[in-house]
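Please work through the exercises below with the sequence and the model at hand. Attempt each task before reading its solution.

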Amino acid sequence: MREIYMDHSATTPVDTTVFDAMIPYYSYDYGNPSSVHAKGRSARRALEKSREQIAALIGANPREVFFTSGGTEADNQAIISYMLSNPKRGKHLISSAIEHHAVLDTCLYLEKSGFDLTVLPVDELGRVEPESLKAAIRPDTALVTIMHANNEIGTIQPLKELVDIAHQAGAAFHTDAVQTFGKVPIDVKSIGIDMLSASSHKLYGPKGVGCLYIKKGIKTGSLFHGGPQENKMRAGTENIPGIVGFGQAAELAQSRMSDLAEYLNGLGKRLRDGILESIPHTIPTGEPENRVPGSVSVCFRFVEGESILLMLDSYGIMASSGSACTSGSLDPSHVLLAIGLPHEIAHGSLRLTLGKDNSEDDVNDVLEVLPKIIGNLRKMSPLYNGGGSS
Amino acid sequence: MYSQKVMDHFMNPRNVGDLDIADGVGEVGNPVCGDIMHIEIQVQDNIIQDIKFKTFGCAAAIATSSMVTEMVKGKTLEEAERITNRTVADALDGLPPIKMHCSNLAADALHQAIKDYIARRNQA
């Protein structure tokens, strides 16, 4: 059976050129960058080259890039260490209702530890309205953390206006850019972002490595205590093969960004339009134009997401859903509820996220199989009466 | 995650649909929690002659519905009443722990259908 992987927002395959770049750093150039000898110096050079590759992708200075174990750690470090390092700025932080749990749960952890948290609502397309940030911001607001693009519905947040509002109030701005890093242009300087989290395995790099951009002059600290690595910002011996892979993936992403985005936008539009044309009672989610390239998200009424995923899987098609059964809780995804979908519609969500290896044929195959699957599940559903109801 | 039996009943569900004439109807769950199981039975001489189901829900919800219809078809009402959500799950070689509560309600739907049948019979 042909495999059709359409879950690139979950993770991506490591690009072969990325993997090739990593290999020497396991068993040959295995030095510790903190060592003074030749092997240590070689590892140090690789580390700093990766830092330059990553910095170039977002218009940062390499000294502003700090490697972490991934997006989750970067989010934790940005939010926790900023709040702990700037007590005079205040104890209030602001986030949004559609953040990844790496941000949301970190904010809730701080709230439990005595900080004040405001979670902003979003509109039906998943955007934070600047007015609501203006209304929520206070003299003691130290940090605003709002994601660049949402992992479930694909909406890209227009950040600039939000950043400006935060800065006017004297607050710093962090963004979780895990879904956009390497996929759409990000210039941290022109947007004015103070901290940005990214992850390697979403852009054809290895798992277990990510980074945090911290603008020069922004006061933060380390979550881990021990050695002086990463300019004393992250104790622990660096994951050199992973970091090399991340750097290589970032360089590759930069070189093909506009071509790949154009390709994926076209393919994604075909898939989304095809689904909406062939399957009635389907609700597209997220912002229709300004979205992560190749991200398609919809809700099918009268059916449940896990059932759709397992049926698709039986045809070799791999996707994801925000239904309760796939979220590991009794509620469907907080993102789908935050954009105002009722529970019964959110349960029928499907996310198809395309990647560089997906072809027109893949899209055609999904468009052939998916209407049958939804039709069969609806025939089985007591909520569906054959199409009469809306 | 799921046993082969669950996947078999999910991919090839038995007794899906509606009965032309239902003697008893049972429905449990609600769309908010993401599972609704609807069961219809046809009873003759105290025996479940025919049974159909419709389910909105995950693979576990569909598989348990399918399994319960297979387990009670041709059985007496007393035998059917003794079937529990637990025995349905066991007949499917178990369910993941998280599914035991939310998606394992098929026996409840069946019991409601039997209750409905008895109530209608007593009224007649």
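The exercises that follow concern a predicted model.

**Exercise 1. The sheet of chain A**

Task: State in which order the seven strands of the open sheet of chain A are arranged, and identify the strands at its edges.

Solution: Step 1. The strands follow one another as S2-S8-S7-S6-S5-S3-S4, with mixed pairing. Step 2. S2 (65-68) and S4 (116-120) of chain A each have a single partner strand, so one side of each has no neighbour in the sheet; these two strands therefore stand at the edges. Step 3. On average, neighbouring strands of this sheet are turned by 20 degrees against each other, direction ignored.

**Exercise 2. Strand S6 of chain A**

Task: Determine how S6(A) pairs with S7(A) and with S5(A), and decide whether the residues of S6(A) are buried or exposed.

Solution: Step 1. S6 (residues 172-176) and S7 (residues 195-199) of chain A are parallel and share three bridges. Within this pairing, A:Asp176 has A:Ser197 as its bridge partner. Step 2. S5(A) and S6(A) are likewise joined in the parallel sense over three bridges, and A:Leu143 lies opposite A:Ala172. Step 3. One side of S6(A) carries A:Ala172, A:His174 and A:Asp176, while the other carries A:Phe173 and A:Thr175; all are buried. Step 4. Because five of its five residues are buried, S6(A) is largely enclosed by the rest of the structure.

**Exercise 3. Helices on the sheet**

Task: Find which strands H3(A) lies across and which strands H5(A) touches.

Solution: Step 1. H3 (residues 38-58) of chain A lies across S2, S7 and S8 (210-214) of that chain, at about 115 degrees to S2(A). Step 2. H5 (residues 101-112) of chain A touches S3 (92-96), S4, S5 (141-145) and S6 of chain A, and its direction makes about 155 degrees with that of S3(A).

**Exercise 4. A bent helix**

Task: Compare the span of H10(A) with that of a straight helix of 39 residues, and locate the kink in H10(A).

Solution: Step 1. At 1.5 Å a residue, a straight helix of 39 residues would span 57 Å. Step 2. H10 (residues 240-278) of chain A spans only 48 Å between its end C-alpha atoms. Step 3. A kink of about 65 degrees in H10(A) is centred on A:Met257.

**Exercise 5. Two positive phi values**

Task: Give the phi values of A:His281 and A:Phe302, and classify both residues by burial.

Solution: Step 1. Most residues other than glycine have a negative phi. Step 2. A:His281, in the loop between H10 and S9 of chain A, has a positive phi near 55 degrees. A:His281 counts as partly exposed because it has 17 C-beta neighbours inside 10 Å. Step 3. A:Phe302, in the loop between S10 and H11 (305-314) of chain A, has a positive phi near 75 degrees. A:Phe302 has 23 such neighbours inside 10 Å and therefore counts as buried, the cut-off being 20 or more.

**Exercise 6. The contact between the chains**

Task: Describe the side of chain B that touches chain A by its elements and residue classes.

Solution: Step 1. In chain B, 20 residues are in contact with 19 residues of chain A. Step 2. The elements of chain B giving two or more residues to this side are H1 (4-11), S2 (35-44), S3 (47-56) and H2 (59-72). S3(B) provides the largest share, three residues. Step 3. By class, this side of chain B has 14 nonpolar, four polar and two charged residues.

How values were computed: Residues numbered from 1 in each chain as written. Chains lettered and ligands numbered in written order. Predicted model: local features only at pLDDT ≥ 70, side-chain atom pairs only at ≥ 80, totals over all residues. Contact = placed C-beta atoms within 7 Å. Helix = DSSP H or I, 4+ residues; strand = E, 2+ residues; numbered from the N terminus. Nonpolar A, V, L, I, M, F, W, Y, C, P; charged D, E, K, R; others polar. Expected span 1.5 Å × (residues − 1). Bend = angle between axes of the 7 residues up to and from the residue. Pairing = 2+ DSSP bridges. Axes fitted to C-alpha atoms, helices over the stretch in contact; angles between N-to-C directions. Buried ≥ 20, exposed ≤ 12 C-beta atoms within 10 Å, placed from the backbone.
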